[in-house]
Amino acid sequence: PNTIAHSFTGDPKTTRTITWQTGLEVPVGMVEITPAATVSIVDKKITTQIGDRYEHVAYITGLSPGKAYRYRCGDGTQDGFSSAYTFTTEPTSASAFTFLHVSDTQCFDADEFAIWGNLAKQALNNTSNAKFLIHTGDIVESMSNEAQMSNYYDAAGGILASLPVMYTKGNHDQINQFSISARQHFTPPTNGATGVLSDTTYSFDYGDAHFICVNSEDTNYTAQYDWIKKDAAATTKKWKIAFLHDSPFSVTQATQNKLSQAFDEAGINLVLIGHNHIYMRSKPIDKSGVVKQGGTVYLESGAAGYKYDPLVDTKKAWQEVLVQPSKSMYSAIKVTKDDIFVKAYTVQGASVALLDAFSLNGTKEPPDEPTITIKNASGSAITKIEKGVLTCTTNVQSPYALYAALYDKDNRLIKISRADSKEAKIVVDSDTDVYLKVFLWDTSNDGMMPLIPNGALVTS
């Protein structure tokens, strides 16, 4: 299997969709998932630049909210499966969550795509609790070039198979019929606007936010205007976030059109954009670019690839930040019940630096909910006990103590490991009739308080 993609087409609490391609020797796809869930697969013969292939789309349903799953896809033979990938469904409670925004990964060859791959890895290392990624277009230089698409996926090293990615269409994606080429690599929801290129507009919910994908390259803006307003009016979510490639308000233009009218009139809080390969953040503005309290903020998170366009425009009155750092970039966006917090980062090699930080309402960012991740020696998150060295990590900042405790089936302690850092390691000699429990304790204020009272648990 190759170009494995992970997306939402239904409720992120209970469903996931996996898309991948194979050669003609594999006409039927298969997914193994644990814990068990319902899998429905659609296999379709397709024509690509490199010849006929098979596209496989697995619709996974019946998942439990807030639960970790492990899957692999392939043809059912021993050597015909992919590596195993993990994901965790959205919890039932509308708690705070973080997602990533990137744009313009477009490159020509594997060496150039390595810059995007490094950014993806650094972003996930720096934001380990990210729930999904939004990509605002220009995925590759030429959408129908299968070598470029393979390089895009390969450079990310399996991240795109574990982390759901939701795309919008860019001008480079338009050149080669996005609805054909991209649809063979990514499966979106099917609830978009009528009268617009198929599969290029859609919406979905996560937490207390409603996300609307807009197609800036299809100029039937009247149809999209009507759909955006109707779609936004139907949601009960507090926050409304739109994303598209080329925006009416961006680095190079400030144009009142049907899209800016829709964003203003529908009460869109944040618009994520791309296209210019430059970092830009607007002030809250109305449909014509006039600054107003509670208006729409437009955010371009720079380029996640290697192309950095020169900054020739000066900052306008409606723009808050305009800068070209000449480095690959991404934004980590945290959505809470009271505010949306954005942190924009530059990436160069292993160096990740904060470029800009703001919130829509100007409140102080609350700390992340404490989480614990348990990984095996190969670095994969586990849902069942495994032999070997297990690494337990947390997202909480010190002061705290992290305990990894191994017990037998009679609840007797076998061994324990403590670390006053983000990482504790423990060696498991047997994966039968044992279980591992990881505790996180706050050690501030001369006391010990459990941050996760019942611990994180993996069993045999």
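Reader: What share of the contacts with a separation of 6 or more joins residues 24 or more positions apart?
Author: It is 67% in this chain. Keep in mind that the model is predicted.

Reader: How many helices and strands are there?
Author: The chain has 7 helices and 28 strands.

Reader: Does the radius of gyration fit a globule, and why or why not?
Author: The chain has 22 Å, and a compact globule with 460 residues would be near 23 Å, so the two agree.

Reader: And what box do the C-alpha atoms fill?
Author: Roughly 70 × 60 × 40 Å, along the principal axes.

Reader: Switching to burial. What percentage of residues counts as buried?
Author: Of the 460 residues, 53% do.

Reader: Which residues touch the most other members in the largest nonpolar core?
Author: Phe99, Trp116 and Phe211. That core holds 58 residues.

Reader: Take Phe211. What is it in contact with, leaving aside neighbours within four places in sequence?
Author: Its partners include the aromatics Phe97, Phe99, Phe132, Tyr202, Phe204, Tyr206 and Phe243. Ile134, Ser203 and Ile241 are also in contact with Phe211.

Reader: What lies apart from that core?
Author: Another core, of 27 residues. Ala193, Ala223, Phe263 and Ile273 are among them.

Reader: Now the surface. What is the accessible area, and how much belongs to carbon and sulfur?
Author: About 18,900 Å² for the chain, with 48% belonging to carbon and sulfur atoms.

Reader: Charges? How many side chains of each sign?
Author: There are 40 positive and 49 negative ones.

Reader: How far apart are the centres of the two sets?
Author: They lie 5 Å apart.

Note on methods. Residues numbered from 1 in each chain as written. Predicted model: local features only at pLDDT ≥ 70, side-chain atom pairs only at ≥ 80, totals over all residues. Heavy atoms only, no water. Helix = DSSP H or I, 4+ residues; strand = E, 2+ residues; numbered from the N terminus. Rg over C-alpha atoms; globule rule 2.2 N^0.38 Å. Buried < 20%, exposed > 50% of the residue type's maximum accessible area, 1.4 Å probe, protein only. Contact = heavy atoms within 4.5 Å. Areas by Shrake-Rupley, 256 points an atom, 1.4 Å probe, with all protein chains shown as cover. Lys, Arg positive; Asp, Glu negative; His and termini not counted. Charge placed at Lys NZ, Arg CZ, Asp CG, Glu CD. Core = buried A, V, L, I, M, F, W, Y, C linked by side-chain atoms within 4.5 Å.
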